[in-house]
Amino acid sequence: PREFSDYDQVLLEDESVNRMKETLELFEEICESYWFIKTPIITFLNKSDLFYDKFKRSPFKNCPVFATYDGPDPPGTTETGTDEAIKYLKNLFLDRDKSSDRSLEIRLTCATNTKNIRKITFRIRKKTTITYKPKLSNTKTRILMMLLTRIHEQEVTYT
């Protein structure tokens, strides 16, 4: 996965492929994978700060991936216009998940904003504990809970 501000760039290894297109295709493959068909998925659209800056300069309409986008585009885009673009982008991910047996969330993040990351990891940990009621026999859930606990402990330790 890449930061979502790469929406107007191509792959280094294949200049004919848009980075966001490849990211969406990879996401769809993961969603359709037998191994993850009932697994809750949380996708982070990281580097939101870069996206907000870039969207003011680089229109969605120039990217073939966003051919159906009909919201406001730069120049002079307001914050509301940027929010519409993010909503559209989130829906591109949500539309690729065909499973009705899974919880899927798309979260906007900025990894350098530690308050934001702390809040998101806390919500994930809380939701995972409450919603999915982990069983000791469920190895995936135990590993996820262990990782989230370690992340949360590190954040508390370093702040």
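Okay, let's start with one residue, Arg107: its relative accessibility is 22%, so Arg107 counts as partly exposed. Keep in mind throughout that this is a predicted model. Who does Arg107 team up with? Arg107 forms a salt bridge with Glu105, and the closest N and O atoms are 2.8 Å apart. Glu105 is on the other side of the cut-off, because buried means under 20% and Glu105 has a relative accessible area of 14%.

Now the strands. Strand 2 covers residues 104-108, and it runs parallel to strand 1, with 5 bridges joining the two. If you want a spot to look at, find Ile41, which stands opposite Leu104 in strand 2. Strand 1 itself is residues 41-45, and it has two faces. Which residues are on the covered one? That would be Ile41, Thr43 and Leu45, while Ile42 and Phe44 sit on the uncovered face.

Hang on to Ile41 and Thr43, and let's go over to helix 1. Helix 1 is residues 19-32, 14 residues in total. From its first C-alpha to its last it reaches 20 Å, close to the 20 Å you'd expect at 1.5 Å a residue. The buried residues in this helix are Arg19, Met20, Thr23, Leu24, Phe27 and Cys31. Why do those six go together? They cover an arc of only 135 degrees around the axis, which puts them on the same side of helix 1. As a general reminder, an α-helix has 3.6 residues a turn, so residues three or four places apart point the same way.

Let's pick one of the buried ones, Phe27 in helix 1. Its relative accessibility is 7%, so Phe27 counts as buried. What does Phe27 touch, once we leave aside neighbours within four places in sequence? The contacts are Ile41, Thr43, Phe93, Arg96 and Leu104. So there are our strand residues again: Ile41 and Thr43 belong to the covered face of strand 1, and Leu104 is the residue that Ile41 stands opposite in strand 2. There's also a nice long-range pair here: Phe27 and Asp97 are 70 residues apart in sequence, yet their C-alphas are 8.5 Å apart in space.

Next, the start of helix 1. Which residue caps the N-terminal end? It's Asn18, found in the segment before helix 1. A side-chain oxygen of Asn18 lies 2.7 Å from the backbone nitrogen of Met20. The Asn18 side chain also reaches the backbone nitrogen of Lys21, at 3.0 Å. Is Asn18 buried or exposed? Buried, at 9% relative accessibility. Not counting residues up to four places away in sequence, Asn18 touches Tyr7, Asp8, Gln9, Val10 and Val65.

On to the salt bridges. How many does a search of the whole structure find? The search gives 5, and we've met one of them already, Glu105 with Arg107. Another is Arg19 with Asp6, whose side chains meet at 3.1 Å, N to O. Arg19 is in helix 1 and Asp6 is in the segment before helix 1, so this pair ties together parts that are 13 residues apart in sequence. Both partners are buried: Arg19 has a relative accessible area of 15%, and Asp6 has 6%.

Put that beside Glu25 and Lys21, which also form a salt bridge, with the closest N and O atoms 3.1 Å apart. These two are 4 residues apart in helix 1, so about one helical turn separates them. Here the partners are partly exposed, Glu25 at 38% and Lys21 at 42%.

Last stop, helix 2, which is residues 48-55. Which of its residues are buried? Ser48, Phe51, Lys54 and Phe55. Looking down the axis of helix 2, these buried residues fall within an arc of 125 degrees, so they line one face of the helix. Two of them come up again when we ask about Ser5, back in the segment before helix 1. Ser5 is in contact with Leu50, Phe51 and Lys54, leaving aside its neighbours within four places in sequence. And at 5% relative accessibility, Ser5 counts as buried.

So if you take one picture away, make it Phe27: buried in helix 1, and in contact with residues including Ile41 and Leu104. Thanks, happy to go back to any of these.

Conventions
Residues are numbered from 1 along each chain as its sequence is written. This is a predicted model: local features need pLDDT of at least 70, side-chain atom pairs count only at pLDDT 80 or more; totals for chains, interfaces and linings use all residues. Side-chain values use heavy atoms; hydrogens and water are left out. Buried means under 20% relative accessible area, exposed over 50%, partly exposed in between (1.4 Å probe, protein chains only). Two strands pair if DSSP finds at least two bridges between them. The expected span of a helix is 1.5 Å times one less than its number of residues. The arc is that of the directions from the helix axis to the C-beta atoms. A polar contact is a pair of N or O atoms within 3.5 Å; within protein, one must be able to donate a hydrogen and the other to accept it, and residues adjacent in sequence count only if both atoms are side-chain atoms. A salt bridge is a side-chain nitrogen of Lys or Arg within 4 Å of a carboxyl oxygen of Asp or Glu. Contact means heavy atoms within 4.5 Å.
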